[in-house]
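Thank you all for coming; I would like to take a few minutes to walk through one model with you. Please have the sequence and the structure open while I talk.

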Amino acid sequence: MSFLEITAFLLRGFRISLLIFAVTLAAAIPLGLPIAFCSMSRIKPVAAVSKVFVWIVRGVPLMLQIFIIYYVPGLVFHYQLFGDLDRYFLLNHGIEDAGRIIAVLIAFAVNYACYFSEIYRGGIESISRGQYEAGQVLGMTKSQIFFRVILLQVVKRIVPPMSNEIITLIKDTALANCIMVAEIIKQAKDLAATKALIWPLFYTGAFYLAFVGLLTLLLGRLEKKLSYFSG
Amino acid sequence: MALLEIRDFHKSFGKTEVLKGIDLTVGKGETLAVIGSSGSGKTTLLRCLNFLVTPDRGRMYLDGKLLFDAGDAKKLKEDELRERRLHFGLVFQNFNLFPQYTVKENLCLAPKLRMREDPEMKDRAKRAAFLSELDEKAEGLLRKVGLSDRGGAYPCELSGGQQQRVAIARALALSPDILCFDEPTSALDPELTAEVLKVMRSLAADRMTMIVVTHEMSFAAEAADRILFMDRGAVEFDGPSSAAFGPGCTSERLRAFIGSVSGGERPAGHETA
Ligand SMILES: Nc1ncnc2c1ncn2[C@@H]1O[C@H](COP(=O)(O)OP(=O)(O)O)[C@@H](O)[C@H]1O
Ligand SMILES: [Mg+2]
């Protein structure tokens, strides 16, 4: 196999990595918000349930969570949900690994939503009461205060910690290979097994580095864009 | 007739009784200075007026009409609360400007949001007219507080004194009946208090109805029509500022308080009154 062929082969895997990355962000960024609100709820049982859930999800390795999502339907309900989805998509649409990828996406989305919810909570709680009160005495509704006054200040404060999580996420996508999803590292491992080639495994690092470089650039720009105000 | 009448306001936080039956009246166009040592309940009183805190007991009349009764406070809907709040403006000790908006946007945000909610303002032409009027009003207010050239600045680009003047203009943009101030100069360096007090004096001269919690005794003596002296959650003195600061002040405690905050010096203004 030529260098170019190997690059193309790995790129096919990296497309899966990017897919997991993009879908996880798209799901977890909004999903984190209701979890954050539940954790901050004045209704004690709601806050307690939410906090325990976040504690479990953040306290258990993501790889284990992938296994749980993937195997629990079969073990508990005697129905191989994700295996069936795999077969269904392969037979009807010619897409490989679809069921497994869905299992990974569920695990990732929930896991990252919990991490994000804690960042949101920290950001929201760091805004001074005075901002809410200023909105109140100006006759604004609660939702006007949140969306018009608080939100952008929170966004500004959470961009740095969110950037860290987002950069971690692209690297975490490698965990998908624990249930044989053909992301980039799985592809490289296949090359090692079938072609006795080890170097492509190390070469995958370049893909991650390039993408992380791009992310750092974009997130830095966002941070700069929000630097026109302080507070 | 009094513009604002407070009857028997009580408020406790847990076991601490912070307001122990406050009565006060403010006439239209009057400036009332509320003074008293720290912890006497001045902030809590202002917060009750602005519906940020709900009194446990008491009533409030505006223009002779019942505006609030603690007895049926629980039934108050959020929208009604918002409507009633708009009779009052509040200027905070630490400004609380919205940092992501320019000075002018700070002034216009709340009025614009109100316009959007108003069912009578659906019409495009009406909205355009409202917005241009609002813009003029904002310009006028910025001129009034001496910041006409800073409308495009962000709060972080302004000094504390300028920020507080913006906060005053922002409160006025909703045309409240009564403007309340909670120690508006306490967070400012001494050299910046003068510019804020000057704006407040000019509002007093324009007969804006104001309730001002302050430790600036010279402002209270010179610019306020009346003084309300609070002591441990009760009104210890309520009378014209000439009586409060004059030599014949009837309240021993008030005399001691004024002596302590003005460092033994009697503030100018009423020495010969
Ligand atoms: N939200 C609150 N919860 C508990 N105690 C409060 C609260 N707000 C004020 N207090 C207490 O009420 C008392 C009066 O406070 P405040 O009205 O701020 O007085 P002042 O403004 O005259 O200094 C203080 O002892 C303060 O600790
Ligand atoms: Mg106070």
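**Two interfaces in a predicted model**

Let me begin inside chain B, where domain 1 and domain 2 bury about 1,200 Å² between them, with carbon and sulfur atoms giving 63% of that area; buried area here is the accessible area, taken with a 1.4 Å probe, that two parts lose on being put together, summed over both. On the domain 1 side, B:Leu86, B:Glu195 and B:Val199 lose the most area to domain 2, and together they make up 34% of what that side buries.

Before going on, a word on the ground rules: this is a predicted model, in which local features need pLDDT of at least 70 and side-chain atom pairs count only at pLDDT 80 or more, while totals for chains, interfaces and linings use all residues. Residues are numbered from 1 along each chain as its sequence is written, chains are lettered from A and ligands numbered from 1 in the order in which they are written, and side-chain values use heavy atoms, with hydrogens and water left out.

Now, where do the two domains of chain B lie in the sequence? Domain 1 covers 1-87 together with 177-273, and domain 2 covers 98-175, with bounds that come from an automatic or database domain assignment. Their C-alpha centres are 26 Å apart, and 16 residues of domain 1 are in contact with 15 residues of domain 2, contact meaning heavy atoms within 4.5 Å.

Between these domains there are 4 salt bridges, each defined as a side-chain nitrogen of Lys or Arg within 4 Å of a carboxyl oxygen of Asp or Glu. One salt bridge in chain B joins the side chains of B:Glu117 and B:Arg82, at 2.7 Å from N to O. The rule also finds 6 residue pairs in polar contact across the domain interface, both residues being at pLDDT 80 or more; a polar contact is a pair of N or O atoms within 3.5 Å, where within protein one must be able to donate a hydrogen and the other to accept it, and residues adjacent in sequence count only if both atoms are side-chain atoms.

Which elements of domain 1 supply at least two residues each to the side that touches domain 2? They are helix H2 (78-85), strand S7 (178-182) and helix H6 (190-205) of chain B, and the largest share, 6 residues, comes from H6(B). Helices (H or I, at least four residues) and strands (E, at least two) are DSSP runs, numbered from the N terminus.

Turning to chain A, its secondary structure comes to 9 helices and 0 strands, and its C-alpha trace spans about 70 × 45 × 30 Å along the principal axes.

Chain A meets chain B through 22 residues of its own and 26 residues of chain B, and the two chains bury about 2,200 Å² between them, 59% of it on carbon and sulfur atoms. A:Val137, A:Leu138 and A:Arg148 supply 32% of the area that chain A buries against chain B, more than any other three residues.

Across this chain interface the rule finds 2 salt bridges, and the side chains of A:Glu133 and B:Arg47 meet in a salt bridge at 2.7 Å, N to O. There are also 10 residue pairs in polar contact between the chains, both at pLDDT 80 or more. Helix H6 (129-137) and helix H7 (142-172) of chain A each supply at least two residues of the side that touches chain B, and H6(A) gives the largest share, 7 residues.
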